[in-house]
Amino acid sequence: MPTRRTIIAVTGAALTAPAWAALHQPAPDLFSTATEGGPVSPPLLDMIDNLVAHAQQLDDHQGGAARDFVHDQFTAVARLLRRASYNAAAGRRLAAALAQLAQTAGFMAFDAHEDGLAQRWYLTALRTAHTAADPGLAASILALMSNQAADRGNALDALQLAAAAQESAATAPPAVRSLVAARSSLAHAVAGDLTSFHRTREDTLTLLDTPPDTPLPRWASYIDRIELDAITGRGLVVLAEQLPQQRHRLLRHAERLLHARAHTSPDAPPQRSALRHGAWLSLAHHATGDLDLAVDTARLALRRLPAVSSTRSVALLRRLHDELAPAGPRSPAVRDLLNDLRHLPAPR
């Protein structure tokens with residue numbers, strides 16, 4: 001299990017080569033006759049699946065506040081894989097659960113600005129998803145790795161990882177492929193490639209409307225139009241920074257796509273996504289000159305902070321403070337918001 005010691009994030013082949021390697025190696029046979037941990041029974045597998053789903057829900061609603069819980073569950077499932085007895089079907093189910101826990105831990109580390117640790121978790125998740133013979137889950141992990149590279153401004157890594165994610169998702173249910181396409185659009189945004197961005201947006205919508213040919217995995221149950229629109233809207237804000245001549249049009253489109261997620265009810269999941277995309281929407285409003293909307297949207301995002309731990313969202317709000325600061329002298333509402341933004345609580 002990756003630890004919380006400082007880990008330097010990597011770029012280039014050190015990151016992308018293991019990602020491609022995981023796609024092109026055959027999945028191993030996975031079974032065990034070990035007796036130290038006892039047999040893995042169907043009720044135990046059901047309990048593990050429920051714990052994995054609960055960890056993901058905690059992440060969606062509270063952000064990184066549940067990191068220690070997720071790490072503990074990862075350790076417990078990994079111990080079963082090493083010490084218990086199980087057949088091939090049970091082994092792959094255990095490996096899929098372990099991969100999902102590592103993916104959740106990776107996103108929590110990414111959200112906490114611990115990029116090197118997040119990469120370690122993602123690579124652990126990727127290897128374990130490969131062991132579980134679950135290419136759809138591997139595609140989701142690769143797409144998150146691409147998003148992390150995009151967030152760090154490493155466009156080439158982001159594009160490589162997005163391509164790997166789309167290859168891995170080829171046989172996944174349409175909704176999973178739609179999610180991968182939406183996440184891949186962020187790589188094109190940071191690269192300033194408007195044509196490819198629009199193509200992945202079209203793919204996102206087409207796949208989302210495609211009737212499923214296989215059941216949707218439980219981990220993908222959150223995929224819906226609102227979340228995918230929000231991901232694309234975030235990309236449009238980034239793309240607007242790359243293409244100043246089309247900035248206003250791109251930002252207006254971003255505002256429309258971000259609105260629904262940013263205005264998620266305060267007692268409904270996913271609160272962290274609502275907080276983060278609310279911050280992006282406020283930035284978009286400010287960039288188009290809508291100061292009142294920028295303030296109102298920032299206040300809505302701020303009201304979510306007591307229940308959510310999200311370092312990246314706080315960083316976005318601090319960025320918003322810096323961009324709004326010049327308007328403070330002429331707007332009492334902006335001045336009040338700036339005062340609140342200067343005293344943001346540290347994420348737990």
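Helices here are DSSP runs of H or I with at least four residues, numbered from the N terminus. The model is predicted.

**Exercise 1. A glutamine in a helix**

Task: State which helix holds Gln56, decide whether Gln56 is buried or exposed, and find which side chain it contacts.

Solution.
- Step 1. Gln56 belongs to helix H2.
- Step 2. Buried means under 20% relative accessible area. The relative accessibility of Gln56 is 12%, so Gln56 counts as buried.
- Step 3. The side chain of Gln56 makes a polar contact with the side chain of Gln100, at 3.3 Å.

**Exercise 2. An asparagine and a backbone oxygen**

Task: Place Asn147 in its helix, classify its burial, and identify which backbone oxygen its side chain reaches.

Solution.
- Step 1. Helix H6 contains Asn147.
- Step 2. Asn147 has 11% relative accessibility and therefore counts as buried.
- Step 3. At 2.9 Å, the side chain of Asn147 reaches the backbone oxygen of Arg183.
- Step 4. Arg183 also appears among the residues that lie nearest the centre of the largest pocket, which is the topic of the next exercise.

**Exercise 3. The largest pocket**

Task: Describe the volume, lining and residue classes of the largest pocket.

Solution.
- Step 1. The space in the largest pocket is about 810 Å³.
- Step 2. Its lining has 30 residues, and those nearest the centre are Asp59, Asp60, Arg183, Tyr222 and Glu227.
- Step 3. Two or more lining residues come from each of these elements: H2 (42-62), H4 (88-111), H6 (135-151), H8 (174-190), H10 (225-242) and H12 (271-287).
- Step 4. Helix H2 gives the most, with five residues.
- Step 5. Sorted by class, the lining has 11 nonpolar, nine polar and 10 charged residues.

**Exercise 4. Aromatic pairs**

Task: Work out how many aromatic pairs there are, and classify the geometry of Phe74 with Trp121 and of Phe107 with Phe110.

Solution.
- Step 1. The count comes to two aromatic pairs.
- Step 2. The rings of Phe74 and Trp121 are 4.9 Å apart, centre to centre, with 90° between the planes. Planes over 60 degrees apart count as edge-to-face, and this pair is edge-to-face.
- Step 3. Phe74 is in helix H3 (residues 67-83) and Trp121 in helix H5 (residues 115-131), so this pair ties together parts that lie 47 residues apart in sequence.
- Step 4. Phe74 counts as buried because its relative accessibility is 5%. Trp121, at 1%, counts as buried too.
- Step 5. For Phe107 and Phe110, the ring centres are 5.7 Å apart and the planes stand at 55°, so the pair is tilted.
- Step 6. These two residues of helix H4 are three residues apart, and therefore about one helical turn separates Phe107 from Phe110. Phe107 and Phe110 are both buried.
- Step 7. Phe110 has a further partner: Arg312 lies over the face of its ring, 3.8 Å from the ring centre.

**Exercise 5. Backbone features in loops**

Task: Find where a peptide bond is cis, and which loops hold His113 and Ala133, which have positive phi values.

Solution.
- Step 1. The bond from Pro269 to Pro270 is cis, with omega near 0°. Pro270 sits in the loop between helix H11 (247-262) and H12.
- Step 2. His113 has phi near 65°, which is positive in a residue other than glycine. It lies in the loop between H4 and H5.
- Step 3. Ala133 has phi near 55°, again a positive value in a residue other than glycine. Its place is the loop between H5 and H6.
- Step 4. Partly exposed covers the range between 20% and 50% relative accessible area. His113 is at 39% and so counts as partly exposed; Ala133, at 36%, counts as partly exposed as well.

**Exercise 6. The cavity**

Task: State how many cavities of 30 Å³ or more are present, and which residues line the largest.

Solution.
- Step 1. There is one cavity of 30 Å³ or more.
- Step 2. The volume of the largest cavity is about 40 Å³.
- Step 3. The residues lining it are Leu15, Gln119, Met145, Gln148, Ala149, Arg152, Asn154 and Leu161.
- Step 4. Helix H6 gives the most to this lining, with three residues.
- Step 5. The lining splits into four nonpolar, three polar and one charged.

Definitions and conventions:
Residues numbered from 1 in each chain as written. Predicted model: local features only at pLDDT ≥ 70, side-chain atom pairs only at ≥ 80, totals over all residues. Heavy atoms only, no water. 1 Å grid on protein atoms, 1.4 Å probe; cavity = no way out; pocket = protein on both sides within 12 Å on 5 of 7 lines; lining within 4 Å. Points joined across faces, edges and corners; volume = space filled by probe spheres on them. Nonpolar A, V, L, I, M, F, W, Y, C, P; charged D, E, K, R; others polar. Phe/Tyr/Trp six-rings, centres within 6.5 Å; stacked < 30°, edge-to-face > 60°. Buried < 20%, exposed > 50% of the residue type's maximum accessible area, 1.4 Å probe, protein only. Lys NZ or Arg CZ within 6 Å of the ring centre and 35° of its normal. Polar contact = N/O pair within 3.5 Å; in protein donor to acceptor, adjacent residues only side chain to side chain.
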